[in-house]
Amino acid sequence: QVQLVESGGGLVQAGASLGLSCAASGRAFSNSDMGWFRRAPGKEREFVAAINWRGDRTNYSDSVKGRATISRDNAKYTVYLQMNSLKPEDTAVYYCAADRDGYLTVAVSTREHPYDYWGQGTQVTVSS
């Protein structure tokens with residue numbers, strides 16, 4: 001089992017940068033692909049970024065590509081999401097998720113389905 005706790009959210013102005021962290025517990029983390037998703041007010045949860053279990057393959061949504069970087073430190077059981085040039089439309093609750101069977105596949109999923117474990121989320125608010 002994997003437990004996930006996000007941190008790093010907050011209120012920032014448009015154009016600022018913000019780094020999110022997701023601390024995982026459980027040995028399955030090292031074999032898990034990790035993803036970041038977000039849910040904006042009144043909208044469905046959407047994919048933001050993902051990284052494979054080895055940390056050498058990533059995926060980004062078009063909305064954050066070029067502004068976001070996902071990374072992980074397996075020794076620290078932590079995955080990170082660095083976002084730059086934040087926009088008001090980035091305002092959302094950001095969720096970290098783990099796909100414990102990620103090591104079995106090559107592709108890094110952008111869909112919610114293969115992600116088994118989810119954190120509680122951290123709020124990011126970008127003011128204009």
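Is Cys 96 buried or exposed, and what is its relative accessible area? In this predicted model, Cys 96 is buried, with a relative accessible area of 0%. Cys 22 is likewise buried, and its relative accessible area is 0%. The two residues form a disulfide in which the sulfur atoms lie 2.1 Å apart. Cys 22 belongs to strand β3 (residues 18–25) and Cys 96 to strand β9 (residues 92–99), so the pair ties together parts that are 74 residues apart in sequence. The link is left-handed, with -80° about the S-S bond. The structure holds one disulfide.

The protein chain contains eleven strands and zero helices. Its radius of gyration is 13 Å, close to the 14 Å that the globule rule gives for 128 residues, so the chain is as compact as a globular protein of that length. Along the principal axes, the C-alpha atoms fill a box of roughly 40 × 25 × 25 Å. Of the 128 residues, 41% are buried. Among contacts with a separation of 6 or more, 60% are between residues 24 or more positions apart.

Strand β1 (residues 3–7) has two faces. Leu 4 and Glu 6 make up the covered face, while Gln 3, Val 5 and Ser 7 make up the uncovered one. Strand β1 pairs with β3 in the antiparallel sense, over five bridges. Within this arrangement, Ser 7 stands opposite Ser 21 in β3. Strand β3 is also the strand that carries Cys 22 of the disulfide.

In soluble globular proteins, nonpolar side chains tend to be buried together. In the present model, the largest nonpolar core has 29 residues. Those with the most contacts inside this core are Leu 4, Met 34, Trp 36, Ile 70, Val 79, Leu 81 and Tyr 94. Two or more residues each are given to the core by β3, β4 (33–39), β5 (46–51), β7 (68–73), β8 (78–83), β9 and β11 (122–127). A second, separate core has six residues, including Phe 37, Ala 50, Ala 97 and Tyr 115.

The surroundings of Leu 81 were examined with its neighbours within four places in sequence left aside. On that basis, Leu 81 is in contact with Leu 18, Gly 19 and Leu 20, and also with Ala 68, Thr 69 and Ile 70. Its other contacts are Trp 36, Val 48, Ala 49 and Tyr 94. Of these partners, Trp 36, Ile 70 and Tyr 94 are listed with Leu 81 among the residues with the most contacts inside the largest core.

Two loop residues were also considered. Ser 61 is found in the loop between β6 (58–60) and β7. Ser 61 has 12% relative accessibility and therefore counts as buried, the cut-off being under 20%. The side chains of Ser 61 and Ser 63 are joined by a polar contact of 2.9 Å. Beyond its neighbours within four places in sequence, Ser 61 is in contact with Phe 47 and Val 48. Val 48 is also in contact with Leu 81.

Glu 44 lies in the loop between β4 and β5. In contrast to the buried Ser 61, Glu 44 is exposed, with a relative accessible area of 71%. With neighbours within four places in sequence left aside, Glu 44 is in contact with Arg 38 and Arg 39.

Notes:
Residues are numbered from 1 along each chain as its sequence is written. This is a predicted model: local features need pLDDT of at least 70, side-chain atom pairs count only at pLDDT 80 or more; totals for chains, interfaces and linings use all residues. Side-chain values use heavy atoms; hydrogens and water are left out. A disulfide is a pair of cysteine sulfur atoms within 2.5 Å. Helices (H or I, at least four residues) and strands (E, at least two) are DSSP runs, numbered from the N terminus. Buried means under 20% relative accessible area, exposed over 50%, partly exposed in between (1.4 Å probe, protein chains only). Two strands pair if DSSP finds at least two bridges between them. A nonpolar core is a set of buried Ala, Val, Leu, Ile, Met, Phe, Trp, Tyr and Cys residues joined through side-chain atoms within 4.5 Å. Contact means heavy atoms within 4.5 Å. A polar contact is a pair of N or O atoms within 3.5 Å; within protein, one must be able to donate a hydrogen and the other to accept it, and residues adjacent in sequence count only if both atoms are side-chain atoms. The radius of gyration is taken over C-alpha atoms; the globule rule is 2.2 Å times the number of residues to the power 0.38.
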